[in-house]
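Work through the exercises below with the sequence and the model side by side. Try each task before reading its solution.

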Amino acid sequence: MPTVELETIGSVARITLNRPDKLNAIDAGMLDELEAALDRAERSDNVRAILLDGNGRAFSAGFDMGSPASAKNGESRVDRARRELTRDFNVIMRFWDCPKPTIAAVHGFCLGSSMEITAVCDVTIAAAGCRFGAPEVRYGSGIVCLILPWIIGLKHANELLLAGNNDIDAARAAAMGLVNRVVPPIDLHDEARAMAELIAANDALAVQLTKKAIHRSVEAAGLRRALEDALEFDIQIETTDTTESIAFNDVLEREGLKAALRWRASRIKSEQ
């Protein structure tokens, strides 16, 4: 069964994450299928807008931490991390660079790098009850695509990313500017499709060049260079062992996340 579905409804291509048993956590195979779906949607002359959503209980729980890419012969740990994280970064940026407008419809959970994907989409519509978050620092991980400061501002980005907050509700996400609007869950797909069709009904060249002009305005301020620099910091985080990270990962592997978080909390308390 494909982990990414693609269907064309009129002038709208609907790309659906389809790994519901894993809350649509995105693994390497899913990345391949996601890129293939984008390729087909971008090449089609009939497609004028792209709608991204997810099957099951959640839009996506983020990138699948339990499915790392296999190392190549003679590849160092840093080289492997750079290859894997660069691939993740490039797939996220496909939605930013997509010549056609992209609309995300999110429900349930929208966490980690899946939130970064929706952040770089042109319009994001959320179902009431959806939860957003970036828990990476809780695991000792970094941010693949550090887009949030550009989308929601420095203070909000600091709170989400430094606290590892993973329980931002849809209404607060809208107040931050992370999503455009919040709708009842039953109306999510109708509202998102209506938005896609509204955009698709406009002059295709005007929409394409207007999107490019909007992006150029923030890229002129250094967005892309800043994102690429931040990716290097993420590689450093993922490939640097500390006494704390080694002990945390040992507990994580043996006893699970809750036990590892309790271990860290007790360690910090004992040092005070």
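**Exercise 1.** State in which sense β1 and β2 pair, and over how many bridges.

Solution. Take strand β2, residues 12-17. β1 and β2 run antiparallel and share 6 bridges. Strands here are DSSP E runs of at least two residues, helices H or I runs of at least four, both numbered from the N terminus. Pairing requires at least two DSSP bridges between two strands. Now pick one bridge: Leu6 has Ile15 in β2 as its partner.

This is a predicted model: local features need pLDDT of at least 70, side-chain atom pairs count only at pLDDT 80 or more, and totals for chains, interfaces and linings use all residues. Residues are numbered from 1 along each chain as its sequence is written, and side-chain values use heavy atoms, leaving out hydrogens and water.

**Exercise 2.** Place β1 in its sheet and find the strands at the edges.

Solution. Write the order: β1-β2-β3-β4-β6-β9. These 6 strands make an open sheet with mixed pairing. β1 (4-9) and β9 (181-183) each have a single partner strand, so one side of each lacks a neighbour in the sheet.

**Exercise 3.** Decide whether helix α3 is enclosed or open, using burial.

Solution. Buried means under 20% relative accessible area, exposed over 50%, partly exposed in between (1.4 Å probe, protein chains only). Check residues 112-120. The buried residues include Gly112, Glu116 and Val120. The count is 9 of the 9, so α3 is largely enclosed by the rest of the structure.
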